[in-house]
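Trainee: I would like to learn how to read features from a model of a protein chain. Can we go through some of them in turn?

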Amino acid sequence: MAAEPYFPVWRARDATTEAADVMPDERLPAGQTVLLGFQHVVAMFGATALMPILMGFDPNLAIFFSGIGTLIFFLATGGRVPSYLGSSAAFVGVVIAATGYAGAGPNPNIAVALGGIIAAGLLYGLVGAVIGLVGYAWVERVMPPVVTGAVVAAIGLNLAPIATRIISASAFDTWFGLLTVVIVSVITIYAPGLARRLPILIGAALAYLLYLLLANGFGLAKPIDFSAVMAAPWIGVPGFVAPVFEPKAIALIAPVFVVLIAENLGHIKAIGAMTSRNLDPYIARAFLGDGLATILSGGLGGTGVTTYAENMGVMAMTRIYSTLVFVVAGFTAILFGLCPKFGALILTLPVPVIGGLSVVVFGLIAATAGRIWVENRVDFANARNLLTVGIAVVLGAGDLTLKFGSFAFGGIGTATFGAILIYHLLGLTRLGRAPADTASVRA
C-alpha cells in the first residue's frame, strides 16, 4: 500500500449547492473560502483579545500570533486537522501569579511570564514527539467514545456560564443576547445557499446593525464607541518582547501544558466524531504543532495558544471542515495584528452580541457529545459509562479547580483526566485491552 502523502489533495466542492458536510480534504471556491475564514476570525476574536488583556499583554500581538500559530498547526498536521489556535485561558491565573500583575494596563513583568510559556510549549511538544515515536494506538484504550463524549460535553458546559454571564449584565443585554441567538438560528435553518453556511458572520453583522440602531440611534443601551477605531492606525507592527527565564516563574507556568493536552485531545476527538473520521493518527502532529506555536508566541511576547472550542462550534454549525478555510483565517488574523484599526473595529462588537453568539457556539460543542455517544452506540444502561459521564460533566460544568501550590488545574482539565481515571478505575479487570462495553471510534 502506498504511503499517505503529507498533504491531502483537496477535492473541489461548492457550499451553495451541496448540503452534505465539507470534509477536511475538500476545498470550496476562493470567495466562499475567504468568507468562511473571516467567520472563524470573528468567532475567535473576543476570547483571543480578552485573554491577553487579562494578563496585561498586547492583544494585537496575541491576535498576530494566533494567526501564525494556526498556520503552524496546519503545516504540522499536514492540513488534515481543522483547528484554529487562539490565546489560552489556562495561562491567565499562573501568569498573574508569576508576574504579580495588578490587573490594569500593560504588565511590566511580561518577560518573566514568557519564559514559563516557552517551557510549557517545550513540554507540550515533547509529549507530541513521544507519541510520534511510540504510536497512538493506546489513545483508543485510554479514551474510548464514552470518555471522549464526556470530555466534549464538559468543554461545552464549562464554557456555558461564560456565555450566560456575558448576556446577564442588564435586562437589555439578556433580551438582545437571546435575540442574537434567534437571528443566528434562523439563518442556520432558513437562509438560502451559502448564507446558511455563514450564520455567525451574517448573524453578528445583523445583530451589530440592530444594536447600533437601538443604542446609538434611540439611546436604549450603551452606545458603541468608535473613538478607538478612529484613533487606531491602519498599519502598526506589534511590540515584540524578549523572554526572561526565571526558575520560579517556569515552575508556576510550565505545568499548564497538561491542560493544553486535555483541551487539544478533546477537540481532536470531537472533530473526529463530527467528520466520522479517525484523527488519532494526527494527535502527535497536533501536539507538536500547538507546542511549536506556543514556543514561538512566547518567544516574541505573545500568549500561549491552544485549539479553540469556539471555532469547533462554528464547524459543528456550518458542517464545513475544510482545513483551507483555516489557512485563510490564519492570514486574516495576521493582517488584523498588523492593522490595529481593523482590530479595534472588531472589538466594538457589543457585549450582548458576543454573548448571544457564545450561547449558540458553546451549546453546539456540548451537543456534539450526544453525537459521539449515539454514533458509537454507547450503552448508558452500563453503570460504568453512566458514572464516567455524570461525574465528568459535573466536574466540567461546575468548573472544579484543583490547586497544586500556585498551579491551578481548571474544570476542563479536571473533567478530562477525571473521566479517564474514573472509567479505568471502574474497569480494572479490562485495563490493557479495548473496552467491551463501548463501540470503537469509527474510522
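Trainee: Which residue forms a salt bridge with Lys-269?

Mentor: One general point comes before the case. Side chains of opposite charge can pair when their charged atoms come close. Bear in mind that this is a predicted model. Here Asp-280 is the partner of Lys-269, and the closest N and O atoms of the pair are 3.1 Å apart. The two sit in distant parts of the chain, eleven residues apart: Lys-269 belongs to helix 11, and Asp-280 to the loop between helix 11 and helix 12.

Trainee: Are Asp-280 and Lys-269 buried or exposed?

Mentor: Both residues are buried.

Trainee: How many salt bridges does a search of the whole structure find?

Mentor: The search gives six. One of them joins the side chains of Asp-25 and Arg-11, at 3.4 Å from N to O. Arg-11 is in strand 1 and Asp-25 is in the loop between strand 1 (11-12) and strand 2 (26-27), so this salt bridge ties together parts 14 residues apart in sequence.

Trainee: What is the N to O distance in the salt bridge between Asp-25 and Arg-277?

Mentor: For that pair of side chains the value is 3.2 Å. This pair links distant parts of the chain, 252 residues apart, with Asp-25 in the loop between strand 1 and strand 2 and Arg-277 in the loop between helix 11 (257-275) and helix 12.

Trainee: How do I read the accessibility of these residues?

Mentor: Use the relative accessible area, where buried means under 20% and exposed means over 50%, with partly exposed in between. Asp-25 has 15% relative accessibility, so Asp-25 counts as buried. Arg-11, at 41%, counts as partly exposed, and Arg-277, at 25%, is also partly exposed.

Trainee: Which residues are joined into one network by salt bridges that share partners?

Mentor: The network consists of Arg-11, Arg-13, Asp-25, Glu-26 and Arg-277.

Trainee: Now the nonpolar interior. Which residues have the most contacts inside the largest nonpolar core?

Mentor: They are Phe-91, Ile-253 and Ile-365, in a core of 112 residues. Helix 1 (residues 30-55) gives this core its largest share, ten residues. There is also a second, separate core of nine residues, with Trp-10, Phe-64, Phe-65 and Ile-68 among them.

Trainee: What is Ile-365 in contact with, leaving aside its neighbours within four places in sequence?

Mentor: With those neighbours left out, the contacts of Ile-365 include Val-152, Ile-155, Gly-156 and Leu-159, and also Ala-309, Glu-310, Met-312 and Gly-313. Ala-309, Glu-310, Met-312 and Gly-313 are among the buried residues of helix 13.

Trainee: How many residues of helix 13 are buried?

Mentor: Helix 13 (residues 309-318) is mostly covered, with nine of its ten residues buried. The residue that follows helix 13 is Arg-319, with a positive phi near 60°.

Trainee: How should I read a threonine within a helix?

Mentor: Check its cover, then its partners. Thr-99 is in helix 3 (residues 92-99) and is buried, at a relative accessible area of 6%. A polar atom of the Thr-99 side chain lies 2.7 Å from the backbone oxygen of Val-95. On the helix itself, the general rule is that an α-helix has 3.6 residues a turn, so residues three or four places apart point the same way. The Thr-99 side chain also makes a polar contact of 3.0 Å with the side chain of Asn-107.

Trainee: Where does Thr-294 lie?

Mentor: Thr-294 is in helix 12 (residues 283-300). Its relative accessible area is 0%, so Thr-294 is buried. Not counting residues up to four places away in sequence, Thr-294 touches Phe-91, Ile-117, Gly-121, Gly-304 and Val-305.

Trainee: Turning to the surface, which residues make the nonpolar surface patch of about 600 Å²?

Mentor: The patch is made by Leu-123, Leu-126, Val-130, Leu-133, Val-134 and Trp-138. Its largest share, five residues, comes from helix 4 (residues 110-134). Take Val-130 as the example: Val-130 is placed in helix 4 and is partly exposed, with a relative accessible area of 41%.

Methods: Residues numbered from 1 in each chain as written. Predicted model: local features only at pLDDT ≥ 70, side-chain atom pairs only at ≥ 80, totals over all residues. Heavy atoms only, no water. Patch = residues over 30% accessible without salt bridge, like charges linked within 9 Å, V, L, I, M, F, W, Y side chains within 5 Å. Areas by Shrake-Rupley, 256 points an atom, 1.4 Å probe, with all protein chains shown as cover. Salt bridge = Lys/Arg side-chain N within 4 Å of Asp/Glu carboxyl O. Helix = DSSP H or I, 4+ residues; strand = E, 2+ residues; numbered from the N terminus. Buried < 20%, exposed > 50% of the residue type's maximum accessible area, 1.4 Å probe, protein only. Core = buried A, V, L, I, M, F, W, Y, C linked by side-chain atoms within 4.5 Å. Contact = heavy atoms within 4.5 Å. Polar contact = N/O pair within 3.5 Å; in protein donor to acceptor, adjacent residues only side chain to side chain.
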